[in-house]
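Subject: Handing over the structure

Hi,

Here is the structure I said I would pass on. Have a look at it below, and then read on for what turned up.

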Amino acid sequence: MRSIRFASVIVCSMVLIAACSSPTVWEGPQGQVTEEPGSSHCDEDGVSFLRLNEGRFASDPQNSLYDQGAVETAFEPDATLPPDVVDTLLRDGDRHVWVAVAATEIFVVDGDTVELWPRVSENYGCD
């Protein structure tokens with residue numbers, strides 16, 4: 001009986017972990033875009049990736065990708081929305097995605113919060 005309870009706890013924990021790391025779907029007039037969580041085995045815990053036509057961008061509060069040289073600029077959790085950005089019309093609830101004209105970064109806006117997500121190098125990846 002004890003082993004059944006233990007197995008149930010493990011299965012429930014695995015379900016919760018899977019639910020916490022499930023992708024987020026952004027909606028826009030051109031369709032859907034998926035925000036994917038980073039991989040633990042790639043040292044990407046806490047990182048999220050959003051792929052747009054302009055490239056792949058990362059939310060990386062610990063700046064681990066910046067430290068690895070995978071992005072040119074650091075993630076900024078308290079950025080300022082520049083005047084030359086373009087609204088992508090992508091939405092996830094109250095969050096909106098704006099892209100810089102040079103497409104080197106995107107800005108995720110949620111109310112008064114503006115995050116700068118840098119573009120990930122095309123050479124970045126892990127096995």
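In what order do the elements of the chain run, from the N terminus on? The order is α-β-β-β-β-α-β-β-β-β, so to speak a chain of 2 helices and 8 strands. Please keep in mind as you read that this is a predicted model.

First, the chain as a whole. It has 127 residues, and 32% of them are buried. As for the contacts with a separation of 6 or more, 45% are between residues 24 or more positions apart.

Now the pockets. The largest pocket holds about 240 Å³ of space. Its lining is made up of G28, P29, Q30, G31, Q32, V33, L52, N53, E54, T88 and L90. If you want to find this pocket by element, go to β2 (31-37) and β5 (85-92), each of which supplies at least two residues of the lining. The largest share comes from β2, with 3 residues. By class, the lining of the largest pocket has 6 polar residues, 4 nonpolar ones and 1 charged.

The second largest pocket has about 150 Å³ of space. Around this pocket you will find A70, V71, E72 and T73, then T104 and E105, and then P118, R119, V120 and S121. The classes here come to 4 nonpolar, 3 polar and 3 charged residues.

Next, strand β5, which is worth a look in the viewer. Two of its residues came up, L89 and D87.

L89 has a positive phi of about 70°, although it is not a glycine. Is L89 buried, partly exposed or exposed? With 43% relative accessibility, L89 counts as partly exposed, because that value falls between the 20% and 50% cut-offs. Leaving aside neighbours within four places in sequence, L89 is in contact with E27, G28, P29 and V97. Two of these contacts, G28 and P29, are also in the lining of the largest pocket. L89 and W26 are 63 residues apart in sequence, yet their C-alpha atoms are 9.6 Å apart in space.

D87 is partly exposed too, with a relative accessible area of 23%. Its contacts, again without neighbours within four places in sequence, are V97 and W98. V97 therefore appears in the contacts of D87 and in those of L89, both of which count as partly exposed. From D87 to A100 there are 13 residues in sequence and 9.1 Å in space, C-alpha to C-alpha.

The other residue with a positive phi is D43, at about 60°, and D43 is not a glycine either. You will find D43 in the loop between β2 and β3 (48-52). D43 also leads on to the next residue, since S64 touches D43 and V47, not counting residues up to four places away in sequence.

Where does S64 lie? S64 is in helix α2, which covers residues 64-68. At 12% relative accessibility, S64 counts as buried, because buried means under 20%.

S59 is another buried residue, at 10% relative accessibility, and its place is in strand β4 (residues 55-59). Which residues does S59 touch, not counting those up to four places away in sequence? They are G46, V47, S48, F75, E115 and W117. V47 is a name you have met already, as S64 touches V47 as well. S59 and R119 are 60 residues apart in sequence and 9.7 Å apart in space, C-alpha to C-alpha. R119 is also one of the residues that line the second largest pocket.

Last, the rings. How many aromatic pairs does a search of the whole structure find? The search finds 0. There is a charge over a ring, though: the charged end of R56 sits over the ring of F49, 4.7 Å from the centre of that ring.

That is what I have for now. Over to you!

Best wishes

Conventions. Residues numbered from 1 in each chain as written. Predicted model: local features only at pLDDT ≥ 70, side-chain atom pairs only at ≥ 80, totals over all residues. Heavy atoms only, no water. 1 Å grid on protein atoms, 1.4 Å probe; cavity = no way out; pocket = protein on both sides within 12 Å on 5 of 7 lines; lining within 4 Å. Points joined across faces, edges and corners; volume = space filled by probe spheres on them. Helix = DSSP H or I, 4+ residues; strand = E, 2+ residues; numbered from the N terminus. Nonpolar A, V, L, I, M, F, W, Y, C, P; charged D, E, K, R; others polar. Buried < 20%, exposed > 50% of the residue type's maximum accessible area, 1.4 Å probe, protein only. Phe/Tyr/Trp six-rings, centres within 6.5 Å; stacked < 30°, edge-to-face > 60°. Lys NZ or Arg CZ within 6 Å of the ring centre and 35° of its normal. Contact = heavy atoms within 4.5 Å.
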